[in-house]
Amino acid sequence: MKTISISNRMISVMLMLTLMSLLSCEIADKKNDEASQSSLLTLIGIVSQTNQAQTPDTYQSVGGTLTGQLNGGTLVLQLNGANNLSRNALGNFLFSTNIKSNSSYSVSVLSNPNGVTCGITNKASGTIGTSNITDVTADCNICGNGVKVSYEACDDGNLANGDGCNNTCKIEAGFSCNNTSPSVCVNI
């Protein structure tokens, strides 16, 4: 990196010396006034571009941990609405696409395993800094077990439709369910 800085400084000094030489020539000889001004403006532009700091783009990975129960199925996660990642085992996961630093990211559930509801319970979204995101948490729970978790709208302890809480742990139209385990749903 120092070699680049030294090279840029050397180029800047050389360009400035050339610029000063042109200024001297311009003062001494007014015949080529337009050509001198054009050359002068070109050199000023080059010097300005040379002195600008050029920071290369950096990219970071996004990953985390899958917890809970998959019930023998496969969970599909997405990064920024694309970049599908299928998981059929609990443990660590890592998306194959890296995200540019200072950009936003969002991890979501595209599809749940059969009979299971999943949600992102930690670091679902944010801004990528200068290090990898390693602590996204995806958690899966068996729908119908009577334990309502934060990403389930309800869980009444069964997989029956028509009782207010359907077989994917979503509240059915015309019903209201409380936030307990198991959920109690009533007609509204």
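**Exercise 1.** In this predicted model, list the residues that Val 62 touches, leaving out residues up to four places away in sequence.

Solution. Start at Val 62 and collect its contacts outside that stretch of sequence: Leu 79, Leu 94, Phe 95, Ile 99, Tyr 105, Val 107, Ile 128, Ile 133 and Val 136. Next, place Val 62 in its core. Val 62 is among the residues with the most contacts inside the largest nonpolar core, along with Leu 75, Phe 93, Phe 95 and Tyr 105. This core has 19 residues. Then turn to the elements: strands S2 (62–68), S3 (75–79), S7 (104–111), S8 (116–122) and S10 (133–142) each give two or more residues to the core. The most come from S10, which gives four. Finally, a second, separate core has five residues, including Cys 154, Cys 165, Cys 177 and Cys 185.

**Exercise 2.** Find how S2 pairs with S10 and with S5, parallel or antiparallel.

Solution. First take S10: S2 and S10 run parallel and are joined by six bridges. In one example, Thr 67 has Asp 139 of S10 as its bridge partner. Now take S5 (residues 91–94): its pairing with S2 is antiparallel, over four bridges. Here Leu 94 in S5 lies opposite Gly 63.

**Exercise 3.** Search the whole structure for aromatic pairs and classify what is found.

Solution. The search gives one pair. Its rings belong to Phe 93 and Phe 95, with centres 6.1 Å apart. The planes meet at 85°, so the pair is edge-to-face, the class for angles over 60 degrees. As a last step, check exposure: Phe 93 and Phe 95 are both buried.

Methods. Residues numbered from 1 in each chain as written. Predicted model: local features only at pLDDT ≥ 70, side-chain atom pairs only at ≥ 80, totals over all residues. Heavy atoms only, no water. Phe/Tyr/Trp six-rings, centres within 6.5 Å; stacked < 30°, edge-to-face > 60°. Buried < 20%, exposed > 50% of the residue type's maximum accessible area, 1.4 Å probe, protein only. Core = buried A, V, L, I, M, F, W, Y, C linked by side-chain atoms within 4.5 Å. Contact = heavy atoms within 4.5 Å. Pairing = 2+ DSSP bridges.
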